[in-house]
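Hello,

Here is the structure I promised to pass on. Please open it and keep it beside you while you read my notes.

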Amino acid sequence: MDWGNILGQSITQGLGVLAVIYALAAIGLNVHFGYTGLLNFGQAGFLAVAAYGLAVTIVVLELPLFVGVVIGLLAAVALALLLGIPTLRLRADYLAIVTIAAAEIIRLLVRSVTLRDIFGGSDGINAFANEFFSYSPFSAGLELGPVRLSQNDLWVVVVGWTLVALSCLLVWLLMRSPWGRVIKAIREDEDAVRSLGKNVYFYKMQALIIGGVLGSLGGFIFAVGFQSVQPDSYATDLTFFAYAVLILGGAGRVMGPVLGAVVFWFLLVFIDGTLAQLVQNGTITFIRTDQVGQVRYWILGLSLMLLMIYRPQGILGDKKELALDAR
Amino acid sequence: MPDDDAAALEQADIAEERAQFAHTTIAGELLGRRKAVEALADVPHEPGVPKPDPILVADGIVRRFGGLVAVDVAHAEIQRGSITALVGPNGAGKTTFFNLLTGFDQPNEGKWSFNGIELKGKAAYKVARLGMVRTFQLTKALSRMKVIDNMALGAKDQKGEHFWAAVIPGIWRRQEQSIEAKADGLLARFKLDTKREDFAGSLSGGQRKLLEMARALMSDPDMVMLDEPMAGVNPALTQSLLGHIMDLREQGMTVLFVEHDMDVVRSISDWVIVMGQGKVIAEGPPDAVMSNPAVIDAYLGAHHDKALTDTGESLSFTEPE
Ligand SMILES: Nc1ncnc2c1ncn2[C@@H]1O[C@H](COP(=O)(O)OP(=O)(O)O)[C@@H](O)[C@H]1O
Ligand SMILES: [Mg+2]
């Protein structure tokens, strides 16, 4: 067993591009679900509109990177308004239904043959990140013990974790303010908040926009990190993994989604590497190497179930607080 | 400037003293109560009767749920500065009427005004901002928030509740301090000061009722609407809760409350409105209303166990210190 290699890869992934993307997606969900109590099951849609907004601006419109970023952000705001205006006055479950459907509609739209000239169909859009990498100050990759990052990945990761840090700072500032107090109160009981003279609809809309925009930052990193946008990267499993990340780390905690993302990707790669080696050296004979990819999800799913049973509040959550929910 | 500070302190002292003795007696009587009773003395005892100085006027309010007419109030007025009890058997439409007046539900017909402002079609939060706040029959404490945060939420016009201002604490910190000071004052009055840092969800049912009421008072309302404030409250707390409600009248607020216990109604209210099957069936001062045959009928129809005719002074109300 080459534990050094397994650990090195696990740590690399735990701090890598995917962890950044899921951290940002989950920070957005934390604003929606963890603090405001909004059930957004279409977070993938927010990442998708940002990633496609960026790629289309650069490749199709031939405009610079920053214009793409602005367009991606505007698209995320527009999506939040589109989802929120009809549903936020209704019961909570309507938002859940509408968001999950909207995210799928976006994926099928960018995938469609008719719009192939703009969105590239099922192949997506590729090779548009040159400008992004031209800003990189790094002239070599990183080799720190077992952690290895290519020159490009290093730049993506540095930008990514900076965005994560800034997002956490924003969430922290917001949630300790009177604005955050209203938001958390809405999670507890909307009608009580209304009876105290607060425009609940307006606050929910603001939360939906903020969480969507934070999630969309993950979309930008997804796009430049892989130098490619593909419709099927933004399927519903992205949203559900982001929820897993959030609940693992602790919903309603500023650092919950960040810790959740790191632990999630570390564990996934660690299980993967360990299983693969055990199969290769003949210790495990009942699965083949090509089945490891599936089995690691079973094990991760099982671990999440156990976590929910023994630590339902997540790693950073407060069990006392959770117990109060029952009234 | 030290002079200003001294003057401000003195002002604060006077204000505190006033607040403390707001309900002190003039010739052994509560001033607010006397004013309300005098104002209502000449008002005829009949359903929908006009009041000399109404703060709330409702006209032709109808709410149907499918075939059921839950509320059908032809006319109702609430006298400013009074404590008015809204009574009636279960299912009479009291809670629905509350919901309609406060914008939590929309009537099929009718209009109503508060302080002369038409409220028809106004969202619940706007009604609250206009100075008419309510509590709920099923208490709505914000469980996973601290008691002090529950209280602070009640304050009006908070700068820090605006998104962009929220991220710059310098903009709202001062106001926040004064809000907390006010909250601490109310918590002390409602004997919840020791619970300040506890989660609201850890309070007892009665304490939650107190918290909900204290929280509503954070906005300095003109009118407070309490839906069964005494329900589920430990009898030891009932007396102080009654004291607090009487205090609101002494501070110039108008109170409309739903209550089933006739002894409570008799001891604190200046006027009673009786609802039955959605309609106002009787109005008047407590004693007159309770001997009204229409009221007894309405109650005996639904409530055989309630001894309304028992007019003996079974409860002697003692004022809070
Ligand atoms: N949302 C609703 N849908 C259908 N019927 C309702 C609804 N709310 C209240 N009702 C009915 O309206 C009537 C009045 O109810 P309510 O206002 O709660 O009475 P009260 O508070 O006087 O006990 C009852 O018959 C109740 O069943
Ligand atoms: Mg009721």
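Start with Thr95(B). Its relative accessibility is 26%, so Thr95(B) counts as partly exposed. Keep in mind that this is a predicted model.

Thr95(B) has a partner at a metal site. The magnesium ion (ligand 2) has two protein donors: OG1 of Thr95(B) and OE1 of Gln137(B). They lie 2.0 to 2.2 Å from the ion. The pair links distant parts of the chain, 42 residues apart. Thr95(B) sits in helix H3 (residues 94-101) of chain B. Gln137(B) sits in the loop between strand S8 (132-134) and helix H5 (147-153) of chain B. Gln137(B) is partly exposed too, at a relative accessible area of 33%.

Next, the sheet in chain B. It is open, has 6 strands and runs in the order S8-S9-S10-S5-S11-S12, with mixed pairing. S8 and S12 (279-284) are the edge strands, each pairing on one side only. From one strand to the next, the twist averages 20°. S5 (residues 83-87) and S10 (residues 254-258) of chain B pair in the parallel sense over 4 bridges. There, Leu86(B) has Val258(B) of S10(B) as its bridge partner. Helix H9 (residues 235-250) of chain B packs on the sheet and touches S5, S9 and S10. The direction of H9 makes about 130° with that of S5(B).

Last, chain A. Helices H8 (residues 151-175) and H11 (residues 200-226) pack at about 175°, with axes 10 Å apart. H8(A) and H11(A) are therefore roughly antiparallel. Their contact includes Leu163(A) of H8(A) and Leu217(A) of H11(A). By class, it has 11 nonpolar, 3 polar and 1 charged residues.

Best wishes

Note on methods
Residues are numbered from 1 along each chain as its sequence is written. Chains are lettered from A and ligands numbered from 1 in the order in which they are written. This is a predicted model: local features need pLDDT of at least 70, side-chain atom pairs count only at pLDDT 80 or more; totals for chains, interfaces and linings use all residues. Side-chain values use heavy atoms; hydrogens and water are left out. Axes are lines fitted to C-alpha atoms, for helices over the stretch in contact, and angles run from 0 to 180 degrees between N-to-C directions. Helices (H or I, at least four residues) and strands (E, at least two) are DSSP runs, numbered from the N terminus. Angles under 35 degrees count as roughly parallel, over 145 as roughly antiparallel, 65 to 115 as roughly perpendicular and the rest as oblique. Contact means heavy atoms within 4.5 Å. Ala, Val, Leu, Ile, Met, Phe, Trp, Tyr, Cys and Pro count as nonpolar, Asp, Glu, Lys and Arg as charged, and the others, Gly among them, as polar. Donors are N, O and S atoms within 2.8 Å of the metal (3.2 Å for Na, K and Ca); water is not among the atoms, so sites may look incomplete. Buried means under 20% relative accessible area, exposed over 50%, partly exposed in between (1.4 Å probe, protein chains only). Two strands pair if DSSP finds at least two bridges between them.
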